[in-house]
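Subject: Handover of a structure and its description

Dear colleague,

Please find the structure below, followed by an account of what was found in it. I would be grateful if you would read the two side by side.

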Amino acid sequence: MGTELGKYKLCVSARSTDKDILKKAQDGGIVTQLFKYALEEGIIDGAIVAGPSDEPWRPRPFIATSVEELMATPGTRYNISPQVSWIKEATRSFGLDRIGIVGTPCQMQAVRKGQLYPVGLRDVDDKIALAIGIFCMENFPYQSIKQLVEDHAGMKLESVKKIDIGKGKFWVYGARGQVVQLPLKVTHKYEQPGCHVCLDYVANLADVSTGSVGSPDGWSTVFVRTRKGDDIWSKAIAAGCFETKPIEQVKPGLELVSKLANEKITKNQKTVEERARFGVNKALRNPYIKP
Amino acid sequence: MAEKITVGHVHMSGCTGCLVSLADNAEGLLTILDKYADLVYGLTLADVRHIPKMDVALVEGSVCIQDKISVQEIRETREKAAVVVAVGGCACYGNITRFGRGGVQNQPQHESYLPIGDLIKVDVYIPGCAPCPQLIRNVCVMAYLLLKGNKEQQELAKKYLAPLMQLAERGTEACGCDLMYDVVNQGLCIGCGSCAAACPVRAITHEYGKPNVNREMCIKCGACYAQCPRSFFNFDVITEFEGITELIAGALK
């Protein structure tokens, strides 16, 4: 296909040089480290991240305006956090002029649509200073995660230390050290339905996008995509925030990223086509054609 | 510099908030008026009595069908303008005027307000209450490129304006319920939160990742659905966000 990875200026394998970040990070700590650097340098004055809520493993959008607040939020939760819902409020109640936001590919699409077609996002379009996208095959509703962890993996959500999807499995790590793996064929049916028409795996519209796929354990694959992203990334590198390796020199490398991206796009393109003949001469709506 | 386009602001039953939104482009508006558009009509801004011939009519407000002058003016607008843009929730969908039932002094019989699309054909929608200054700006720049730009610019303007034209074709009813009918019920919601961010009255919250609309609060402005990345998402335009943003910024320098 050739377009499955989107436009990018640079692709590397990287990890944070900050031991505290790496200890809490999902993989290479890219998002936390890059936001930390941007906050410290005044490139952003706050970041919309996925923070904790009053239920275990249920994220909610949270606006971190200090490194301390940011450091309370690393890791991937694998369920929905409506990140974009705070994007206007961030410029109002929080008074941010330079917003950082992290989100899934679809949330990056929402941010860019919001910049080009700001229907209800007054004075937001020029305030997005750093949009970081995370690779995403699909997302889950909170109740799906609860069902997978509590019913399938037999663990209490409160006692889960880490959830991960990798190497073709859904992994649940308990606080006492127990590890349960579920095959993805068990998890598929619990996915958020809206994900099945998504045609973006590696957050093509982010300034910088990142995810574990393609890099060794503890490292992340990073795409630097826009001029803004390039500027911030190169400053962060110069400041010694990241250790990097050329993506060509790591295993499994870009080939796997491409393979998974193509798999996702092909599968979901098929879903989009099937929706066109879902009923008897009746189609389901296709947002890529018209509203 | 190519010649300018002519633009008018037609005021129906609206609160002038849409006009204020246009004006909120500040220096941007001055640049638009300086380089790209002559304002040939506008109740508060131009000393012109009758609706003249113009390229683009920006219509604010819904039409009170008991008010003969309003009905006559909206008909005239359609005859005189090459492109009619419904600016704001009232012109597109009725918005808050949908709840008008008359009984207000000194014209208590003025009780029926219709979105302009129920009386004339509308070409482009800019939903929202108030519509966002930056979207009005983008549409103005794109309208200029469409009418006066080179071939490439015309192509871009066509692509950019397409979904806003499709919204106009879609109809004159809007409600927070659209999020249920046309997004969640259609299996398209991704829980991104755009709808909640766009809602001017904070009627939308997210319960476990899906929008929950307080329908008592909804004013029917259409912002939530139009903002949703799953109402329309035109890859050919949005993927080029960096270039288009620069183009618009450059045009307003």
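**Where the two chains meet: a pair of helices**

The helices α5(A) and α11(B) cross in a left-handed sense. As this is a predicted model, every value in this message is computed from predicted coordinates. The axes of α5(A), residues 105-116 of chain A, and of α11(B) come within 10 Å and cross at roughly 20°. An angle under 35 degrees counts as roughly parallel, and α5(A) is therefore described as roughly parallel to α11(B). On the side of α5(A), the contact is made by A:R112, A:Q115 and A:L116; α11(B) contributes B:F241, B:I244 and B:T245. By class, the residues of this contact divide into three nonpolar, two polar and one charged.

**The wider contact between the chains**

This helix pair may be set beside the totals for the two chains. In all, 44 residues of chain B are in contact with 43 residues of chain A. Which helices of chain B supply at least two residues each to the side that touches chain A? They are α5, α6, α8 (194-198), α9 (223-227), α10 (235-238) and α11 (241-251). The side of chain B that touches chain A has 26 nonpolar, 14 polar and four charged residues.

**Two helices within chain B**

Two of the helices just named, α5 and α6 of chain B, also pack against each other. Helix α5(B) covers residues 133-148 and helix α6(B) residues 151-170; their axes come within 8 Å and cross at roughly 135°. The two helices are therefore oblique to each other, and their crossing is left-handed. From α5(B), the residues in the contact are B:V139, B:M142, B:L145 and B:L146. From α6(B), they are B:Q153, B:Q154, B:L156, B:A157, B:K158, B:Y160, B:L161 and B:L164. Nine of the residues in this contact are nonpolar, two are polar and one is charged.

Ahead of α5 in chain B there is a further feature to note. The peptide bond from B:C129 to B:A130 is cis, with omega near -15°. B:A130 is placed in the loop between β7 (124-126) and α5 of chain B.

**The domains of chain A**

For chain A, the domain assignment gives domain 1 (10-135 + 201-257) and domain 2 (140-191). The C-alpha centres of these two domains of chain A lie 24 Å apart. Eight residues of domain 1 are in contact with eleven residues of domain 2. On the domain 1 side, the residues that touch domain 2 are four nonpolar, three polar and one charged.

**The sheet of eight strands in chain A**

Chain A has an open sheet of eight strands, in the order β3-β2-β4-β5-β9-β10-β1-β11, with mixed pairing. Which strands stand at its edges? They are β3 (60-64) and β11, each with a single partner strand, so one side of each is left without a neighbour in the sheet. Neighbouring strands of this sheet are turned by 30° against each other on average, direction ignored.

The partner of β11(A) is β1(A), residues 10-16; the two run antiparallel and are joined by five bridges. Among the paired residues, A:S16 has A:F242 of β11(A) as its bridge partner.

Beyond β11 of chain A, a cis peptide bond joins A:K251 and A:P252, with omega about -5°. A:P252 is placed in the loop between β11 (242-246) and α9 (254-276) of chain A. In the segment after α9 of chain A lies A:N281, which has a positive phi of about 55° although it is not a glycine.

**The sheet of three strands in chain A**

A further open sheet of chain A is formed by three strands in the order β6-β7-β8, with antiparallel pairing. Its edges are β6 (160-166) and β8 (179-183), each with a single partner strand, so one side of each has no neighbour in the sheet. From one strand to the next, the twist averages 15°.

β6(A) pairs with β7(A), residues 169-174, over six bridges in the antiparallel sense. In this pairing, A:V160 has A:G174 as its bridge partner, and A:I163 stands opposite A:V172. The two strands form a hairpin with two residues between them. One residue of the turn, A:K167, has a positive phi of about 50°.

Yours sincerely

Conventions:
Residues are numbered from 1 along each chain as its sequence is written. Chains are lettered from A and ligands numbered from 1 in the order in which they are written. This is a predicted model: local features need pLDDT of at least 70, side-chain atom pairs count only at pLDDT 80 or more; totals for chains, interfaces and linings use all residues. Axes are lines fitted to C-alpha atoms, for helices over the stretch in contact, and angles run from 0 to 180 degrees between N-to-C directions. Helices (H or I, at least four residues) and strands (E, at least two) are DSSP runs, numbered from the N terminus. Angles under 35 degrees count as roughly parallel, over 145 as roughly antiparallel, 65 to 115 as roughly perpendicular and the rest as oblique. A crossing is left-handed if the near helix is turned anticlockwise from the far one by less than a right angle, and right-handed if clockwise. Two residues are in contact if their C-beta atoms, placed from the backbone, lie within 7 Å. Ala, Val, Leu, Ile, Met, Phe, Trp, Tyr, Cys and Pro count as nonpolar, Asp, Glu, Lys and Arg as charged, and the others, Gly among them, as polar. Two strands pair if DSSP finds at least two bridges between them. Domain bounds come from an automatic or database domain assignment.
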